[in-house]
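Subject: Handover of a structure and notes on its contents

Dear colleague,

I am passing the structure below to you, together with an account of what was found in it. Please read the notes with the model open beside them.

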Amino acid sequence: MSVLSSPYMSSFVGFDSLFEEIERMSSAKQSTYPAYDIKKVSNTEFVIILALAGFNQDDLSVETKSGELTVSGCIEKKSHAEFIHKGIAKRAFKRTFRLADYIEVDGAEFKDGLLSIFLHREIPEKEIPRKIIINKETGK
């Protein structure tokens, strides 16, 4: 690991893996296919929408594991049709999204060539900040 000289970094202890992840992500080449949107519905609800024209539900896979959501698609070569112009991309893909702590996947829906994945944040009660009452010292 390299030494980080920013004054802000000196206040982070034990976050080596976080800095390694940031370095890994900054050097990774991201594919732009398929196009997607991430929509914030509320403070606790989100939707990831992927544009998947030419795919059907059986061609797609959505999985979560170890804080990552992976969406992949592959179309079996079935048609021997002759095209005059072929502009709809139907190539195989694998798109991975890193999920923040406490983000859960509720389900997915495929309609009109758009795959919508519904997510919500559910913070455990023990993680919710609570106010501590400071008692007045009593005389002894």
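**Overall description**

The protein chain exposes about 12,000 Å², and carbon and sulfur atoms supply 51% of that area. Please bear in mind that this is a predicted model. Of the 140 residues in the protein chain, buried residues make up 20%. The chain has one helix and seven strands, and along the sequence these follow the pattern α-β-β-β-β-β-β-β. Among contacts between residues at least 6 apart in sequence, 51% join residues at least 24 apart.

**Strand 2 and its partners**

Strand 2 covers residues 45–51, and five of its seven residues are buried, so this strand is largely enclosed by the rest of the structure. Two pairings involve strand 2. With strand 1 (residues 36–40), strand 2 pairs in the antiparallel sense over five bridges. Four residues lie between strand 1 and strand 2, and the two strands form a hairpin. With strand 7 (residues 114–121), strand 2 also pairs in the antiparallel sense, here over seven bridges.

Leu50 is a convenient residue at which to inspect both pairings. In strand 2, Leu50 stands opposite Tyr36, while its bridge partner in strand 7 is Leu115.

Strand 7 also holds Ser116. Is Ser116 buried or exposed? Its relative accessible area is 14%, so Ser116 counts as buried, the cut-off for that class being under 20%. Apart from residues up to four places away in sequence, Ser116 touches Val47, Ile48 and Ile49, and also Gly107, Ala108 and Glu109.

**The open sheet of strands 3, 4 and 5**

Three strands form an open sheet in the order 3-4-5, with antiparallel pairing. Strand 3 and strand 5 (93–98) stand at the edges; each has a single partner strand, so one side of each is left without a neighbour in the sheet. On average, neighbouring strands of this sheet are turned by 15° against each other, direction ignored.

Strand 3 (residues 60–65) and strand 4 (residues 68–73) pair over six bridges in the antiparallel sense. One of the bridge partners to look for is Ser72 in strand 4, which is matched with Ser61.

Two residues illustrate the surroundings of this sheet. Val62 lies in strand 3 and is partly exposed, with a relative accessible area of 35%. Leaving aside neighbours within four places in sequence, Val62 is in contact with Leu69, Thr70, Val71, Leu115 and Ile117. The C-alpha atoms of Val62 and Ala108 are separated by 8.2 Å, although the two residues are 46 residues apart along the chain.

Thr70 is found in strand 4 and, at 16% relative accessibility, counts as buried. With neighbours within four places in sequence again left aside, the contacts of Thr70 include Ser61, Val62 and Glu63. Lys94, Arg95 and Thr96 are also in contact with Thr70.

**The salt bridge**

How many salt bridges does the count come to? The count comes to one salt bridge. Glu68 forms this salt bridge with Arg98, and the closest N and O atoms are 3.6 Å apart. The pair links distant parts of the chain, since Glu68 is in strand 4 and Arg98 is in strand 5, 30 residues apart. Glu68 counts as partly exposed at 27% relative accessibility, and Arg98 counts as partly exposed at 48%.

**A nonpolar patch on the surface**

Which residues make the nonpolar surface patch of about 250 Å²? The patch is made by Tyr102, Ile123 and Ile128. Ile128 has its place in the segment after strand 7. With a relative accessible area of 45%, Ile128 is partly exposed.

**Suggested order of viewing**

You may wish to begin with strand 2, which is largely enclosed by the rest of the structure, and then turn to the open sheet in the order 3-4-5. The salt bridge between Glu68 and Arg98 could be viewed next, followed by the patch made by Tyr102, Ile123 and Ile128.

With kind regards

Notes:
Residues are numbered from 1 along each chain as its sequence is written. This is a predicted model: local features need pLDDT of at least 70, side-chain atom pairs count only at pLDDT 80 or more; totals for chains, interfaces and linings use all residues. Side-chain values use heavy atoms; hydrogens and water are left out. Buried means under 20% relative accessible area, exposed over 50%, partly exposed in between (1.4 Å probe, protein chains only). Two strands pair if DSSP finds at least two bridges between them. Patches are made of residues with over 30% relative accessible area and no salt bridge: like charges are joined within 9 Å, nonpolar side chains (Val, Leu, Ile, Met, Phe, Trp, Tyr) within 5 Å. Accessible areas come from the Shrake-Rupley method with a 1.4 Å probe; for residues, only the protein chains shown count as cover. A salt bridge is a side-chain nitrogen of Lys or Arg within 4 Å of a carboxyl oxygen of Asp or Glu. Contact means heavy atoms within 4.5 Å. Axes are lines fitted to C-alpha atoms, for helices over the stretch in contact, and angles run from 0 to 180 degrees between N-to-C directions.
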